[in-house]
Amino acid sequence: WKKREINFEAEFDTWQHPHRLLICHFLSLLSWENLMEIGFGGGANLRLIAFLFKDRRLVGTEINKKAIEFVKTKFKGLEARECPVTDIFMSDKGVQVSLTDMVLIYVDPFSIMKALGEIKRTTTSYVLLCEFHHTNWFKRQWLRIRTGYHAYDYKKLLTKLGFYDIVTHKITKEQWPDAKHNAEFRHIIMAKVPNR
């Protein structure tokens, strides 16, 4: 992703995709004033969140410099920081909600706990992950071999880090209609962040 060349304008225009509306549905269940999207890509989630949740502070991180440059042209005053999920440039407990959308699928098994630990360090209240989740180890390995993407048992990993009230929601075909492959892995995972 660091050097990936994509059509950021086309990505930005996917802001009404049903899975982004689902993300915002879960955000509407929470009480929050500020949010950090880790790995914002073309900024489509931030566009929808800014539209639906007025007067909230939005922060974003990315490892792709071109994505940062593009998104800064779309949002005045957006705090966009260049950093990986394993080393987030944010103070401890700097935001209330942290969001990922198909970002952790690129994080290898040796780094996933560090990434989740960084999200825990920087967040006070909730994490909302839209990622590949499965409780079956063999299916997760099959996905990794077949596609190169990583799926995890997020309930298990987040519990190890002290997160609680963990909810997993399997994304339906209506909520992600163009997902021809890997549909059984697509989930929203929401959890409360431990105080310490």
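**Reading a Predicted Model**

Modeller: Let us start with one residue: R81 is buried, because its relative accessible area is 19% and buried means under 20%, exposed over 50% and partly exposed in between, with a 1.4 Å probe and protein chains only. The model is predicted: local features need pLDDT of at least 70, side-chain atom pairs count only at pLDDT 80 or more, and totals for chains, interfaces and linings use all residues. Residues are numbered from 1 along each chain as its sequence is written, and side-chain values use heavy atoms, with hydrogens and water left out.

Biologist: In which element is R81 placed, and which residues does R81 contact?

Modeller: Helices (H or I, at least four residues) and strands (E, at least two) are DSSP runs, numbered from the N terminus. R81 belongs to strand 3. Contact means heavy atoms within 4.5 Å. Leaving aside neighbours within four places in sequence, R81 is in contact with R57, V59, G60, T61, E62, I68, F89 and M90. For a sense of distance, R81 and T168 lie 87 residues apart in sequence and 29 Å apart in space, C-alpha to C-alpha.

Biologist: How should a sheet be read, and what is the order of its strands here?

Modeller: Strands of a sheet pair through backbone hydrogen bonds, either parallel or antiparallel. Two strands count as paired if DSSP finds at least two bridges between them. Here, an open sheet of seven strands follows the order 3-2-1-4-5-7-6, with mixed pairing. Its edge strands are strand 3 (79-82) and strand 6 (164-170), each pairing on one side only. Direction ignored, neighbouring strands of this sheet are turned by 15° against each other on average; axes are lines fitted to C-alpha atoms, for helices over the stretch in contact, and angles run from 0 to 180 degrees between N-to-C directions.

Biologist: How many bridges join strand 2 to strand 3, and how many join strand 4 to strand 5?

Modeller: Strand 2 (residues 57-62) runs parallel to strand 3 and is joined to it by four bridges; T61 stands opposite R81 there. Strand 4 and strand 5 also run in the parallel sense, over six bridges, with T100 opposite L129 in strand 5. Eight of the 10 residues of strand 5 are buried, so this strand is largely enclosed by the rest of the structure.

Biologist: Which strands does helix 3 touch where it packs on the sheet, and which of its residues are buried?

Modeller: Helix 3 (residues 44-52) touches strand 1, strand 2 and strand 4, and its direction makes about 175° with that of strand 2. Its buried residues are A44, N45, L46, L48 and I49. These pack against helix 1 (8-12), helix 2 (18-28), strand 1, strand 2 and strand 4.

Biologist: What does helix 5 pack against through its buried residues?

Modeller: Helix 5 (residues 112-122) has I112, A115, L116, E118, I119, K120 and T122 buried, and they pack against strand 1 (34-38), strand 4 (95-101), strand 5 (123-132) and helix 7 (154-160). E118 counts as buried because its relative accessibility is 12%. Residues up to four places away in sequence not counted, E118 touches V85, T86, D87 and I88.

Biologist: How is a pocket defined, and what is the volume of the second largest one?

Modeller: On a 1 Å grid over the protein atoms alone, a pocket is an open set of points with protein on both sides within 12 Å along at least five of seven lines, and lining residues have an atom within 4 Å of a point. Grid points are joined across faces, edges and corners, and a volume is the space filled by probe spheres set on the points. The second largest pocket has a volume of about 250 Å³. Of the 14 residues that line this pocket, W137, R140, Y152, D153 and L157 are the closest to its centre. Helix 6 (137-147) supplies at least two lining residues, as do helix 5 and helix 7; the largest share, four residues, comes from helix 6.

Biologist: Finally, are D55 and N182 buried or exposed?

Modeller: D55, in the loop between helix 3 and strand 2, is exposed, with a relative accessible area of 76%. N182, in the loop between strand 6 and strand 7, is buried, at 12%. Neither is a glycine, yet D55 has a positive phi of about 60° and N182 one of about 65°.

Note on methods. On a 1 Å grid over the protein atoms alone, a cavity is a set of points where a 1.4 Å probe fits but cannot get out, and a pocket is an open set with protein on both sides within 12 Å along at least five of seven lines; lining residues have an atom within 4 Å of a point.
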